[in-house]
Amino acid sequence: MNVPLLDLGRQHQAIETELRAAFNTVLRHGKFILGPEVVEFEKEVASHCGAKHAISCASGSDALLLALMAFDIGPGDEVITSPYSFFATASCIARLGAKAVFADISLRCYNLDPADVLKKITPRTKAIIPVHLYGQAADMAPWLDEAKRRGIRVIEDAAQAIGAHYRGRPVGGFGDVGCFSFFPSKNLGGFGDGGLMTANDDALAEKLRVLRVHGGKPKYYHNLLGVNSRLDTVQAALLRVKLPHLEGWAAARARNAALYTKLLVEAGIASPSQGCNGCTHEASDEAGKAPLILPAACQSRHVYNQFVVRTRIPAARDRLRDHLQNAGIGTEIYYPVPLHLQKCFAAWSYKAGDLPRAEKAAASTLALPIFPELTEAEIREVVRCLGGFDWRGE
Ligand SMILES: *Cc1c(COP(=O)(O)O)cnc(C)c1O
């Protein structure tokens, strides 16, 4: 039995008629740029995320860039973020000539260690970008008040976490701007690229709206230097078909994660997750004996964009991936190179060993199939193949 990492075909088959109807409507009215579906979709996402404003744009990467631009971040400024994330989390900082200051992560939930964030704040810190990685909120409370007191902007990278909660409220609303992505593999996946920013401040929301249309307001009069970054009307129309299903899909992802956890613990492959105690402590994850370490679900609502396990012995990870691939099971490594060691960021002068927990995660994590339409038989097959792996090595 082959088990793919992701199969969007199953999701789209179930709603194909509605998708075609939405496409046809846009084809007929022809308002392809910032058409009526964009306006409606923004309202619906704002309501879903509990935000006053939602401003769509061309990608999650652009959402991050536009948010930094709105705060005039540039040369001489520092932005604290996670070294263990998708490239765009840091490239937006580099694009504007600012410096990324990386804080280390927790090895239990893979999000920023809040104690390290506090340590990295300097008079030059202009913004903090917490990443809600894999669909789970980063712990922000320990540094949020301090950031606000110092006038530091908070931009949440919620690209993987639409619908996730932190302390009972949706992510994206804790900082100044929440950034979301509709890349096809995200929980609300579009049919191409797409992104969105949430904000509660009226003036900030207006600035973001102007920045996404070249900074022109009124049209052809440019007081701001913006970019061209809009969500296509056709994307918005198709995403509106998907949005009402998002909660159900997140619940299915959580059910899949619970089944993996139960089966892996029963099989003795993984120890029960111990929770994360606020993400601050170092390596208590080494406490158990089982060869596979499960992700900690420490925040109030995890939406499982990914289900990422870690091999206790880092060197076993690549062999495990080969083993699963030979058995027809799709996996992925998110992410093999921590951002501080990417060659294009050499000017920031980080070196191996600077952020040991991020480096360890990059060397030992593996994402298993978790998409909502995955069947119980498929999950059992993945666990069976994990059980057939020679954990002791050569
Ligand atoms: C996907 C992703 C982005 C970028 O989103 P795009 O829509 O692909 O540009 C940014 N940050 C994280 C954490 C992501 O997973």
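Here is a short chat about the ligand and its pocket in this predicted model.

Reader: Where does the ligand sit?
Author: Start with the openings in the protein, and pick out the largest pocket, which has a volume of about 370 Å³. Among the residues closest to the centre of that pocket are Phe-86 and Ser-181. As for the ligand, its place is the largest pocket.

Reader: Which residue has a side-chain N or O atom 2.6 Å from an oxygen atom of the ligand?
Author: A polar contact here needs N or O atoms within 3.5 Å, and a few pairs pass. Gly-60 offers a backbone N or O atom 2.8 Å from a ligand oxygen, while Asp-157 has a polar side-chain atom 2.8 Å from a ligand nitrogen. The side chain at 2.6 Å from a ligand oxygen belongs to Ser-181.

Reader: And how much of the ligand's accessible area does the protein cover?
Author: Picture the ligand on its own first: it has 380 Å² of accessible area. Put the protein back around it, and the share covered is 94%.

Reader: Which helix gives the most to the shell around the ligand?
Author: The shell has 16 residues, with Gly-60 and Ser-61 among those that come nearest. Now look at the helix that spans residues 60-70: it puts 3 residues into the shell, the most of any, and it's H4.

Reader: How many residues of that shell are polar?
Author: Sort the shell residues by type, and you get 6 nonpolar and 2 charged ones. The rest of the shell is polar, and that count is 8.

Key. Residues are numbered from 1 along each chain as its sequence is written. This is a predicted model: local features need pLDDT of at least 70, side-chain atom pairs count only at pLDDT 80 or more; totals for chains, interfaces and linings use all residues. Side-chain values use heavy atoms; hydrogens and water are left out. A residue is near a molecule or strand if one of its heavy atoms lies within 4 Å of it. A polar contact is a pair of N or O atoms within 3.5 Å; within protein, one must be able to donate a hydrogen and the other to accept it, and residues adjacent in sequence count only if both atoms are side-chain atoms. Accessible areas come from the Shrake-Rupley method with a 1.4 Å probe; for residues, only the protein chains shown count as cover. On a 1 Å grid over the protein atoms alone, a cavity is a set of points where a 1.4 Å probe fits but cannot get out, and a pocket is an open set with protein on both sides within 12 Å along at least five of seven lines; lining residues have an atom within 4 Å of a point. A molecule sits in a cavity or pocket if more than half of its atoms lie within 2 Å of its grid points. Helices (H or I, at least four residues) and strands (E, at least two) are DSSP runs, numbered from the N terminus. Ala, Val, Leu, Ile, Met, Phe, Trp, Tyr, Cys and Pro count as nonpolar, Asp, Glu, Lys and Arg as charged, and the others, Gly among them, as polar. Grid points are joined across faces, edges and corners, and a volume is the space filled by probe spheres set on the points.
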